[in-house]
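Me: I am new to reading protein models, and I would like a close look at a single part of this one. Could you take me slowly through one long helix and the parts it touches?

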Amino acid sequence: MSRRLFTLRVGDTKTKPVWLDPESLRFENPREDAAQIAGTMGLVGALLGEYEERLGSAEAKYNHWKAKKIVVFRGMSPRPAEWLSKVMVQAEADYQAHRLTISQLRGDVTYLQKFFEACRSGAFMLRALMQREEAQGEGESLPVDGQENTRAPTRPMAGYKRQRNGRPTGQSPIKTTIG
């Protein structure tokens, strides 16, 4: 992914430019970055909702424009075949502009979805890093790459409830939703 510019509506008439850069998802300080990633996810979620709305609006405008053109062409005498009406619509000057707008908005929505997924993955990685740091600070032995940890954990993971048989239940405490 590369750096991209988006516009976010602020109020009824104002917009705010927002640059999204995947390089910003490289974490150096887990504690500080954990707070940043939550804000980034909120911003990307707001952008995603707005761009999905824009895409829906552009598709509705295109479908309305296309239907009006087909009605005009189908009203001609002699009446052209259905396939010819579709070709005549595609030959119109506005057709390319409508399709290009829709294509660009689909690309923007896909980019935002992937960026949000990257943020979510980053949040889970940060959480794991922080848990690892906490465990090391408490003196727990952690597995080294290629080795298995044979020591039983001294406390359950934060956010999980334990059943009587010791198996975790419930959902992870980190939950993200869009829209």
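Reply: What follows looks at helix α1 and its surroundings in this predicted model.

Two packed helices are described by the angle between their axes and the distance between the axes. Helix α1 covers residues 30–74 and helix α2 covers residues 82–90, and their axes come within 9 Å and cross at roughly 125 degrees. Angles over 145 degrees would count as roughly antiparallel and those from 65 to 115 as roughly perpendicular, and α1 and α2 are therefore oblique to each other. The crossing in which α1 passes α2 is right-handed. On the α1 side, the contact is made by Trp-65, Lys-66, Lys-69, Ile-70, Phe-73 and Arg-74, while α2 contributes Glu-82, Ser-85, Met-88 and Val-89. Sorted by character, the residues of this contact divide into 5 nonpolar, 1 polar and 4 charged.

Helix α1 also takes part in an aromatic pair, one of 5 that the structure holds. Here Phe-6 and Tyr-51 meet edge-to-face, at 5.2 Å centre to centre and with 90 degrees between the planes. Phe-6 lies in strand β1, which spans residues 4–10, whereas Tyr-51 lies in helix α1, so the pair ties together parts that are 45 residues apart in sequence. Because buried means under 20% relative accessible area, Phe-6 with its 1% counts as buried, and Tyr-51 at 5% relative accessibility is buried too. Phe-6 and Tyr-51 also belong to one aromatic cluster, which they form with Tyr-111 and Phe-115.

Methods. Residues are numbered from 1 along each chain as its sequence is written. This is a predicted model: local features need pLDDT of at least 70, side-chain atom pairs count only at pLDDT 80 or more; totals for chains, interfaces and linings use all residues. Side-chain values use heavy atoms; hydrogens and water are left out. Axes are lines fitted to C-alpha atoms, for helices over the stretch in contact, and angles run from 0 to 180 degrees between N-to-C directions. Helices (H or I, at least four residues) and strands (E, at least two) are DSSP runs, numbered from the N terminus. Angles under 35 degrees count as roughly parallel, over 145 as roughly antiparallel, 65 to 115 as roughly perpendicular and the rest as oblique. A crossing is left-handed if the near helix is turned anticlockwise from the far one by less than a right angle, and right-handed if clockwise. Contact means heavy atoms within 4.5 Å. Ala, Val, Leu, Ile, Met, Phe, Trp, Tyr, Cys and Pro count as nonpolar, Asp, Glu, Lys and Arg as charged, and the others, Gly among them, as polar. Rings of Phe, Tyr and Trp (its six-membered ring) pair if their centres lie within 6.5 Å; planes under 30 degrees apart count as stacked, over 60 as edge-to-face and the rest as tilted. Buried means under 20% relative accessible area, exposed over 50%, partly exposed in between (1.4 Å probe, protein chains only).
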